[in-house]
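Q: Got a minute to go through this one with me? I'd like to talk it over piece by piece.
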Amino acid sequence: MNSMERVLATLSQNEPDRVPLFLLVSMHGAKELGLSIQEYFQKGEQVADGQLRMLKKFGHDCLYNFFYASLETEAMGGQSIFRKNGPPNSGAPIIRNFEDIEILELPRPEDSPRLLEVLKATRLMKEAVGDTVPIIGVVMSPFSLPVMQMGFERYFDLIFQYHVLFQRLMALNEEFCVAWANAQLEAGASAICYYDPVASSTITFRDDYIKNGFDVDKRTISRIKGPTAIHMASGRCLSILDLLAQTGTTMVGVSAEEDLKEIKDQSKLNILGNLNGIRMRNWNADQAEANVKAAIRAAGSGGGFILADNHGEIPWQIQEETLLSISKAVRQWGKYPLRWIHETTE
Amino acid sequence: MENSELYQSRLKTALLSLDRIKAKLILEDLITTTAPTEVVDSIMIPVLESIGSGWEDGRVALTQVYAAGQFCEQWLDTAFEDKLFVKKESPKLAIAVLEDFHSLGKRIVYSIVKGGGYQIQDFGAGISVDKLANKVIEEDIDILLVSALMLPSVLRINNLRQALEQSGKKIKIIAGGAPFRFDAILKEEIMADAVANNASEVIGIIEHLSGS
């Protein structure tokens, strides 16, 4: 099986030849090319090159067109503040006062030079792998994007105190998100990773998600012309799994803070996760293997599972050797049928 | 204090359901018969601590923690003179987000610490190691609270410690942020005097570090 066949099989809740592995590496491409993180993300061809090199090196099952989270707000007039050893921060908010929302206009993705670099990277990756390897595109959900557009605190106040303006911002963000997701699909992305940490029960109480975010997610995902994975970016989702399944998404990215088996038992969705990206920086080969085995034991049976980190972005601090150990362990322990999970209890 | 558990339970329910009017009524009722410092120590702080623990184990959402801290801080500011709630033996406190612009955690901790009767200076977000160290020394801070959402920022706390040590004064650091929740070992890698697992834990840690 090639990576695409492997992934499609598992998404159909069937067991492929082995558990698919998505190493969601973005910044590590800069190391491959000997560039700084900031230099690396200036050109789509560099990102495509970095992704293809990492695919070859780590032997995982996807390409990832993700640059960094604040790219979307950069396209909206914001700034990213780069650092040497991690993803850039979002700079000053583009919405400084609630009144700004009344006159806010968001760009079309095709008018943003920065987003065009992502589309270029996507096209180049597609040219290189065709339909053999899934290319994962990325959007920030309309419900979560305001954290970068206006800051967490002001956004919480908006949700709970300024309902009309909140609805207007959601409408604007929905249009942007749908256009941006569909542009990536058109450029060659196979699926969209829809980041929605604010929906997670780590951040939002279930009832408040139902009241404020659930319909936004349903409307948006229904208009994205390809499969989506809703990703909690380390946030918890057990208490909203039933709701996420109703959004139309096919997969959920889950937190290392939750029990993968419990999620698997309760979820109708396919599962992406949940290796702990923070702990990973200290893993030796044995620990990498043990963690891979534990995840496969919890969620591998019957397919419907892709092994990945829990955040959707492997930290810069993770060594190449660790990623290679993870990849090796998946090849060793992820082969279907997973008879070993019934034979040992470690 | 009589019926403290009942009041705690009622206040917690009101805060978790974001019912500010009800929470205000409960506190106004209490304040007619109870000294303000006792309301803070016996009701408000235990409730905020309980809400913080609830977030840590997944029963409470961050929006609820934020709203609870914000309400308590605002209520104290508007209902009484600030001086009534300043602890006499309060150490000089400051809070900052180190090389990181995610300021929600700072805001929540700031509210809760103020709600606990402490004065605390806010040194802002996105501040570099050197600038923060200079500011801390300049303001003669005793305990610095450092909030960090991103792993690289957490790892910079050791650089901050080195910069502070050059001042010759023993300044205590309390660190907190999401990376610590995902890796217990991280605490051991960071030269902080304490790590708070949630915002409400900070008050107990301040009391412990300052010997109050």
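Q: What does chain B average in pLDDT?
A: This is a predicted model, and chain B averages a pLDDT of 88. In chain B, 95% of the residues score at least 70.

Q: And what are the ipTM and pTM?
A: The model scores ipTM 0.85 and pTM 0.92.

Q: OK, the interface. How many residues does the contact take from each chain?
A: Chain A gives 24 residues and chain B gives 20 residues.

Q: Which elements give two or more residues to the side of chain A that touches chain B?
A: Those are β3 (86-90) and α9 (152-161) of chain A. The largest share on that side comes from α9(A), with 4 residues.

Q: How do the residues on that side divide by class?
A: The side of chain A that touches chain B has 8 nonpolar, 11 polar and 5 charged residues.

Q: Switching to the sheet in chain B. What's the strand order?
A: It's an open sheet of 5 strands, β2-β1-β3-β4-β5 of chain B, with parallel pairing. At the edges you find β2 (120-127) and β5 (194-196) of chain B, each pairing on one side only.

Q: How far are neighbouring strands turned against each other on average?
A: By 25° in this sheet, direction ignored.

Q: How many bridges are there between β1 and β3 of chain B?
A: There are 5 bridges between β1(B), residues 93-98, and β3(B), residues 143-147, and the two strands pair in the parallel sense. If you want a pair to click on, B:I95 has B:L145 in β3(B) as its bridge partner.

Q: Which strands does helix α11 of chain B touch?
A: Helix α11(B), residues 201-210, packs on the sheet and touches β1, β3, β4 (172-176) and β5 of chain B. The direction of α11(B) makes about 160° with that of β5(B).

Q: Now the start of chain B. At what angle do the axes of α1 and α2 cross?
A: Roughly 155°, with the axes of α1(B), residues 4-16, and α2(B), residues 20-31, coming within 8 Å. An angle over 145 counts as roughly antiparallel, so α1(B) and α2(B) are roughly antiparallel to each other. The crossing of α1(B) past α2(B) is left-handed.

Q: Which residues meet there?
A: From α1(B) you have B:Y7, B:R10, B:L11, B:A14 and B:L15, and from α2(B) there are B:K22, B:A23, B:I26 and B:L30. By class, that contact has 7 nonpolar and 2 charged residues, with no polar ones.

Q: Where does B:L18 sit, and what's its phi?
A: B:L18 is in the loop between α1 and α2 of chain B. Its phi is positive, about 55°, although B:L18 is not a glycine.

Q: Over to chain A. How many strands are in its open sheet?
A: The sheet has 7 strands in the order β1-β4-β5-β6-β7-β8-β9 of chain A, and the pairing is parallel. Each of the edge strands, β1 (63-64) and β9 (305-309) of chain A, has a single partner strand, so one side of each is left without a neighbour in the sheet.

Q: How do β4 and β5 of chain A run, parallel or antiparallel?
A: Parallel, with 5 bridges joining β4(A), residues 135-140, to β5(A), residues 191-195. A:V139 stands opposite A:Y194 in β5(A). Helix α10(A), residues 163-187, packs on the sheet too, touching β4 and β5 of chain A. The direction of α10(A) makes about 170° with that of β4(A).

Q: What about α4 and α7 of chain A, at what angle do their axes cross?
A: The axes of α4(A), residues 44-58, and α7(A), residues 113-129, cross at roughly 40° and come within 7 Å. That makes α4(A) oblique to α7(A). The crossing is right-handed.

Q: Which residues of α4(A) meet α7(A)?
A: Among them are A:V47, A:A48 and A:L52, and the α7(A) side includes A:V118, A:L124 and A:M125. The contact of α4(A) with α7(A) divides into 8 nonpolar, 2 polar and 3 charged residues.

Q: Last thing, the peptide bond from A:G273 to A:N274: cis or trans?
A: Cis, with omega near -25°. A:N274 is in strand β8 (residues 270-275) of chain A. The bond from A:Y336 to A:P337 is cis as well, with omega near -5°, and A:P337 is in the loop between α16 (320-333) and α17 (340-343) of chain A.

Terms used: Residues numbered from 1 in each chain as written. Chains lettered and ligands numbered in written order. Predicted model: local features only at pLDDT ≥ 70, side-chain atom pairs only at ≥ 80, totals over all residues. Axes fitted to C-alpha atoms, helices over the stretch in contact; angles between N-to-C directions. Parallel < 35°, antiparallel > 145°, perpendicular 65-115°, else oblique. Left-handed = near helix turned anticlockwise from the far one by under 90°. Contact = placed C-beta atoms within 7 Å. Nonpolar A, V, L, I, M, F, W, Y, C, P; charged D, E, K, R; others polar. pLDDT = per-residue confidence, 0-100. Pairing = 2+ DSSP bridges.
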